[in-house]
Structures are given as C-alpha cells and as structure tokens.
Amino acid sequence: MLRIKIQHKYYLECTQCGYVTPNFWTWFEQNQQCPKCGSKHSEVWYNRRYQRLPRLIGRSPNSFWHYFPFLPLLRRRHIISKGEGAIPVERWPFLEEFAKKKYGLDLNVHVYRNDLNGGTGTFKDIAASLAASLFNEIGIDQYCIASTGNSATAYAKYLSLAKVNCSVFMPEDAIKSSEATISSYGQQVFRVMGDYAKAKEIAAGYAKLHNIPMSTGNIDPIRVEAKKTMVFEWLRQMDKFPDVYIQAVSGGTGPIAIDKGIREIKQVYPELKNPRFLLVQPDGCDPMVQAWEDAETAGFPEGFEKKYPVIDNPQTEVPTLATGNPATYPIVAKLVKESGGSFLRMHEKKLVSVGKLTAYEQKVIPGPASAVSIAGFFVALRKSLIKNGETVLLNIGEGPNRAPYFLEQMIYTSHNVYNVDECAPHSIGDYRSQLWNEVMRD
C-alpha cells in the first residue's frame, strides 16, 4: 500500500499534454501514466533555486546523491546507496594519439568510467539506487522489471537492500551469470522463452495480474532523473563540456537524460547544449541504425523518427544490447538529428579485438557493450564525424565482471606446455602490433 504524502520539492509534468502529477506517490497510484492523455512519458521538475548547483559542482561527491536537492526524494534517511555516480572522467591518450597519427586530428578524448560504479559496476546503478530509495520512502514492497541483464542485476541488488521484492523477466539468451547474480540477492527470475520483447510482454501481464508496479523502461522518470546527474559530473570534472558523446545504445535513456539535465539547468548554464550524439549498435542488433540510414537516404522527411524496423529474436554477441523493438527510437532519433549526430554500426567480429586493445593500451578491460562504444570511436573517425579540436566523451557502461564469457575470449598469450624447455621469453611489443592490426583490419 502506498502512503500518500503532500510535498512541494518536485512535481511531474506530462510531455504530451502538460498534466501535472504532484509527486511519485500519486504517479504510482496513476499506474505511472498521465490520467489525462495516457502517456507514460512525464518529466520531473523542481521548485528549487539552481543558483546553488555551481557550489555543489565545485565539491567532490561520495555518490550521485551529492545532488540531492535536485533529485526527487524528500528525506535523506531513505537513501539506499553504494557510492554509485562518484566515478571518474578519464583522459585516454592512446585514442588521442591514434586520431592524431591516423587522421591528423587534435582531440581531447575522455571516458566516463561507469564500470567503476560502486553497486554492480554498470551504468544502471544510479537509476537502481534512486528507485530503491524512492520505494523505501513511499512504501513500495513489490516491483518487476524486464531486462537483458544489467538493469535487472542493479535493480535486484538495490531493491534487496531496500527490502523490496523484485521479479525479473529475462529473455532466454540472457547471460547465465546475470541470472545467478539476481538470484543470489534473493530476487526471483523468470527466464522467458523468447526475446526481450516477449520478456517485456510477459512482465507487463504479470504486473497487471498482480497489481505490481513495473519499470516503464527508457522514459521512466526515475531512470532519467538519476542519469541526468552525469551532466553535473561532466561540468565538475571536465575543463570543457563535450562536443561529441559516444555511447552503445539499446533503448536510449542516456541521451534522453543528458537532454533533460541540460534543459533543467539552462537558467544557470545558458551556454550549454547537447553534444553531438553518436550512438552505436552492433550489427547483430541494429534496428536504430537501419532506421536512421533509411531516413538519411530519404532526406529525413517529416515524421522520419516514427518509422523503424523490428528485429524478432536478434542474434547478437552483446545480449545487453538485444533490443529488437526500439520503442524509444522516435524520441532518441529526434535528439540525435537536432544535435547533428548519427547512429553508427560496428561489426561484432571486432568486439574481442577492441576489448584486447583497450586492455593492453589503457589497462582497462571493458565489457562487451563498452567495447561497442569504444569501437564507435573508430567508426566515427573513419566516417569523419569528429572534427579537429573537439572534446569527445565515450561512455563505457560496464566492465568484464558482467560478462565472464567475454573476458574468457581475452586470452591470447596462453600456451599449453609439458616442460620448461617449451617456455621462452616474449616481447610485449609484438602483441601491441598484432592487436592494432586486428582492430584496423577490414
């Protein structure tokens, strides 16, 4: 049972008709939709003075809860946190050096290290932390979510900390280790015999049958509000706000949240604008890229964003990106077009090579979705989508702990031996040349 409480820190506003929902207690009573027009897309706005935001940005955070005045929670005592969001933005010189040597471009290349999040080491931890804290505050004790892996794992952990029962619906090709992790937190998993779309369908039926709240996906205001704080962190850590933003994309909460964060703080940062969004998909599941290429060929006719293909049972080596029915494409495509960006396709056969190269050059082992993002940087250079002098930010969403099968493929210097005579010293530089050749080979 939800405990209704009147408050004035924030409200939700429907993006379609402008209807105002006073708080999250009411939002969940309304089944997470606008009672006037039925839209599930509402945004959170605050009755707060943003003049204090620069002072917050000037101090180092312990988590994204550092920005509590601009998050939709009333009482700090309800916070469920594991240090998520207090992650570094790093310069990666090897990418800068490559751009200079190969293309003559002087770039500042930064990487947002979501693999260092304190919860489960993924991009999803901040959203799960906000959800768990909100549920703790308003009295929700049952929740369900359909996920390809990372969201479910994060929600399972944080909701367990908040003593919220979470039912997770995963497609049949979801990583087994994700199922094991979710179960270890005491949450239940339903492995759906079908793809992600089927998992969402059954999860929705379950939520309706048992009157249990369900995540509304990439436009969920909880997810958007948590992830908008990355804009605040870039302002804090970077000398210059990024000109270009590169991310592997499945549904697209990232660019939606960036856009919301920038719009929200326009009164104190009027010069801010969205970076050019370069959103990357693997060729095993690339419906957004297909839709974008068709629209580009047609000259982006009016309403282009409403037309996109649906891929049934996508066969991809990156299960966390296996969204064959990209329902948020109409929103994300408009943001990409307005930013002057693009959707990019990378070839999955390059995944392991990109992972190995990153591990060698930067001593950071990416997860498969992160490798998709890094590969997108090389694709963008090849397509001349990055300009001289620009600041580029890559968002890597997870590390190898989320995909042990991918980590196993990193092995390339191992030898089976029977005696010491079969062992000889090696030159690490030889491997470097081998790795660059693998990545650059067509």
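This is a short talk on two sheets and one pocket in the structure shown above. Please keep in mind that the model is predicted.

I will start with the sheet of 6 strands. This sheet is open, and its strands run in the order 4-5-12-9-10-11 with mixed pairing. Strand 4, residues 89-91, and strand 11, residues 342-346, are the edge strands, so called because each pairs on one side only. On average, and ignoring direction, neighbouring strands here are turned by 25 degrees against each other.

Inside that order, look at strand 9, residues 244-248, and strand 12, residues 391-396. These two pair in the parallel sense, over 4 bridges. If you want a residue to find the pairing by, Val244 stands opposite Val392 of strand 12.

Two helices that pack on this sheet are worth pointing out. Helix 3, residues 93-103, touches strand 4, strand 12 and strand 5, the last being residues 108-113. The direction of helix 3 makes about 150 degrees with that of strand 5. Helix 11, residues 287-297, touches strand 11 and strand 10, which is residues 276-282. Its angle is taken with strand 11, and comes to about 125 degrees.

Next, the sheet of 3 strands. It is open as well, with the order 6-7-8 and parallel pairing. The edges are strand 6, residues 142-146, and strand 8, each of which pairs on one side only. Neighbouring strands in this sheet are turned by 15 degrees on average, again with direction ignored.

Strand 7, residues 165-171, pairs with strand 8, residues 188-192, in the parallel sense over 5 bridges. Along that pairing, Val168 stands opposite Val189, and Pro171 has Val192 as its bridge partner. How are the two strands connected? Strand 7, helix 6 at residues 176-184, and strand 8 make a right-handed β-α-β unit. Helix 7, residues 196-210, lies across strands 6, 7 and 8, and runs at about 150 degrees to strand 7.

Last, the second largest pocket. Its volume is about 350 Å³. The lining has 16 residues, and those nearest the centre are Thr15, Gln16, His41, Pro330 and Ile331. Which helix gives the largest share of the lining? That is helix 12, with 5 residues. Helix 12, residues 329-339, and helix 10, residues 253-264, each supply at least two lining residues. By type, the lining divides into 7 charged, 5 nonpolar and 4 polar residues.

That is the end of my part.

Conventions. Residues are numbered from 1 along each chain as its sequence is written. This is a predicted model: local features need pLDDT of at least 70, side-chain atom pairs count only at pLDDT 80 or more; totals for chains, interfaces and linings use all residues. Side-chain values use heavy atoms; hydrogens and water are left out. Axes are lines fitted to C-alpha atoms, for helices over the stretch in contact, and angles run from 0 to 180 degrees between N-to-C directions. Contact means heavy atoms within 4.5 Å. On a 1 Å grid over the protein atoms alone, a cavity is a set of points where a 1.4 Å probe fits but cannot get out, and a pocket is an open set with protein on both sides within 12 Å along at least five of seven lines; lining residues have an atom within 4 Å of a point. Grid points are joined across faces, edges and corners, and a volume is the space filled by probe spheres set on the points. Ala, Val, Leu, Ile, Met, Phe, Trp, Tyr, Cys and Pro count as nonpolar, Asp, Glu, Lys and Arg as charged, and the others, Gly among them, as polar. A crossover is right-handed if, with the strands pointing away from the viewer, the path from the first strand over the helix to the second runs clockwise.
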